[in-house]
Each structure stands twice: as structure tokens, then as C-alpha cells.
Amino acid sequence: MKVCILTTEFVTEHYFSGGLAQHFFRIARWLVEQGHKVSVITMSDKDEKIDFEGIEVYRVSPGEGLFLRLAKIVTLNRIVGIIDSINYSYSAYKKLKAINKKESIDIVHAPNTHACGYFALKMLKIPHIVIVSCYRPFWNELAGVRRGIDRYFDECIEKFYYRSAKYIYAPSFNLKRILAREIGVQNVDVIRTPFYLEVPELDDSVYTEKFDSKDYILFYGRLQTHKGVHIIARALPDLLSGLPEMYAGFVGSDVSSKFGGSMKKYILKQAGKYSGRVIFHDAVRHDKLYPIIKKARLVVLPSLIDNLPNTLLEAMGLGKVVIGTTGASFDEVIEDGKTGFLVPIGDPKALEQKIKNVWNREDLDKIGSAASEKIREFAPERTVGDLIDYYKKISRKEKSSDRPQDS
């Protein structure tokens, strides 16, 4: 099959820091290894075509013509974000159209993110699949994002995209239920996210520099409120006082918080006199991140909302005990006390108590092994295999519907 992935970020770009880029890379590389042809169209700061590990990557810089500059001036720069999103969506559609002229594409695969595939869906007769990466209104609200007119239009165009798509899948039943409840979208399948160690060699330089010889809990990912970072911060004073040997590690990009200043500053303020036992490091490549995960005592991911995130799969896949939250998709994988632990959403006291109860358990290695075994269900042979079957089913269905009916 010829598959084209249309995305806002990919691992070839210096700015990527989210799970979406990694998600599509794992899928694309596995598809290539199985003999399929894969093109990726990604937003970039330059226009060029490159080969990346057998994947044909088209980097697209949308640019900004006179019309767009005037539009931003006329709207007093109040909807810059949505103008840029529409511009990229249209630019990606033009690139996709050009690729399809050279070699017929069987499937277009795009995320809901900023409706980046909207023009391709509407203007090309190619089977089009949308993966649910989030339900934007909830993400914005829980991330503490100021929801002005720009964000409102962004949320609206993503809803239009969902409602226009015939084929949608989500990695979690949690998001499937949210879309059905909030916007009445019922045609959502569930296909799990693939996980495998995609780096051939590990680099423990960051671990050695920051974490060597320390016992630590670890949070990794963007330091955002919808990921529950502030819940960990509020639990830190009693945790660090009650467990004097414990350190708290945070690996990921700092962001501004709704509490004033950056999230890093908020965490340090909450830690107070124990702030010397809080360790920060910016986002790192997986070859440097995995050693930090593997040597953590516990991985703590108290998300307020999530979508069966890569962080969970990576930590469990590396044999680590994860403390996640009930009702945010973690409970679709974690069996409390057997493959990890669960706490209520948004409850710092419950999180603190759970960490204290778990910290000195003698069966952590056993639970970590059970977690690793559980993640075998997400091996690409199964998950990408399910996705390929999904591609083929849709392709057959679309070809069948194009055939002229007998009179």
C-alpha cells in the first residue's frame, strides 16, 4: 500500500516535543519494514524532500503571502493561530495532491490537530483516516490555556474536521466516549498505539549528570497542568519530608502556568525547603531519556485527561511501575496493584499517600515485570497489524462504493 501521513510534527523537526511525532514515526517505520510505501508531510521551517530511515518525508513551510499578512492586520492579530493552521492545512493539501499525481495514494492518515488534514479530506478523493489525539476544548481548559477567539476557532475547526470524517479511530476508549458524548461523533474505532524501543543504542549521559546514585520518582513530558504536574508539586512537601532519601525528577519542556510564572518555578515554590532534591532537565531524545526512565524507582503520571499516552507505554514497556490516574485512560492498561497503581484525578493527598505506600514495597520488580508483559499487547505486530487491516478494509469499502451499480 501507499500511505501518506499528514501531520503537524514529525521527528525530523527540531521543534517537536510531543507524542504525536513519535507515534507517527513508529507507525511509519514499521509500515516501511513490512514493505509498504510511506510518505510523511510535516510542518517545517523549510521546503524540501528527504529520506529518513526509509520514509519519504516532505517538509512543508507554508510561508506567508500578502493576503495572510493583510488578514492578520485586519483581525488585529487576534486569530493568528487559526490563520496559520488553515494556511498549513492548505499547503499540505497541495503537497499531497502533487504526490498523488506522481503515484496514487491508497490512504491518507492525519491527526485531528488543528484540522491539518481538513483541505485534503474535502478536496481529494482519497480514503482519509483521522486519528483522535485529543478533544481540544477539554485539553485547553485543563492545560490552563487562555481560550480567546483564536482558541475558540481552533476548537471549532477541529469539530468540523471530526464531523466531516467518515473514518476515525482513537487509541483509547476514553476518548471514543468523549467524542460521542460531547459532539455526537459515533463512528470512532479503537486501535491501540504501537510501542517498541525504536533506538538501537542508549546514551546514559543525562542520567549520569543529573540522576546517578539517587532514588527518584520521575515525571516526564511537557510540564503542563493537564498532565497533572501541579498535583505532584502539591504533594512534594510531605513526600520529601516523609521520605528523606527520595528525589523528584522532572524531564520535559517548561511552560508558563496558570499559577503565575513557569511551571518549574511553581514546583520549586511548592517544594520549599526541599527544593534541592528536585531535579529538572529539558526534553531529551529517547536514547537519552530511556536510561532515566529505566533507573527511576517510580514513574508518576497523574494526568487530568489523557489519551493512553506514549509516556505510559514507554515506562511500562521498560519495566517500570507507573502511578497513573483513574478515568484518564490509564486504567485501560493498569490493573491497580498488579501492573501499576492508580489514584483519583486531581488529588494531591491521595497521590502522596500512594507514593509513600508503594516506595518501599519489595515487589516493585515483580510489578514492573508484569507491566512490561502487559505492554506486549501493544507490539507493532498487533497494533500496526490492526491498523493495516483497518487501511485495507477502508480501501476495499471505498473502491466498492466507486463501482457503478448494475441496472
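Start with strand β5 in this predicted model. Select Ile107, His109 and Pro111: they sit on one side of β5, and each is buried. Now select Val108 and Ala110. They lie on the other side, and they are buried too. Both faces of β5 are therefore covered.

Why two sets? In a regular strand the side chains alternate between the two faces of the sheet.

Next, colour the whole of β5, residues 107–111. Five of its five residues are buried, so β5 is largely enclosed by the rest of the structure. Buried here means under 20% relative accessible area.

**The neighbours of β5**

Select strand β1, residues 2–7. How many bridges join β1 to β5? Three, and the two strands run parallel. Zoom in on Ile5: its bridge partner in β5 is His109.

Then select strand β6, residues 128–131. This strand also pairs with β5 in the parallel sense, over four bridges. Look at Ala110 of β5 and find Val130, its bridge partner in β6.

**Step back**

Show the whole chain as a cartoon. It holds 15 helices and 14 strands. The radius of gyration is 22 Å, close to the 22 Å that the globule rule gives for 407 residues, so the chain is as compact as a globular protein of that length. Turn it around: the C-alpha trace spans about 75 × 50 × 40 Å along its principal axes.

Colour by burial. Buried residues make up 53% of the 407 in the chain.

Last, colour by charge. There are 60 positive and 51 negative side chains. The centres of the two sets lie 4 Å apart.

Terms used
Residues are numbered from 1 along each chain as its sequence is written. This is a predicted model: local features need pLDDT of at least 70, side-chain atom pairs count only at pLDDT 80 or more; totals for chains, interfaces and linings use all residues. Side-chain values use heavy atoms; hydrogens and water are left out. The radius of gyration is taken over C-alpha atoms; the globule rule is 2.2 Å times the number of residues to the power 0.38. Buried means under 20% relative accessible area, exposed over 50%, partly exposed in between (1.4 Å probe, protein chains only). Lys and Arg count as positive and Asp and Glu as negative; His and the chain ends are not counted. The place of a charge is taken as NZ of Lys, CZ of Arg, CG of Asp or CD of Glu. Two strands pair if DSSP finds at least two bridges between them.
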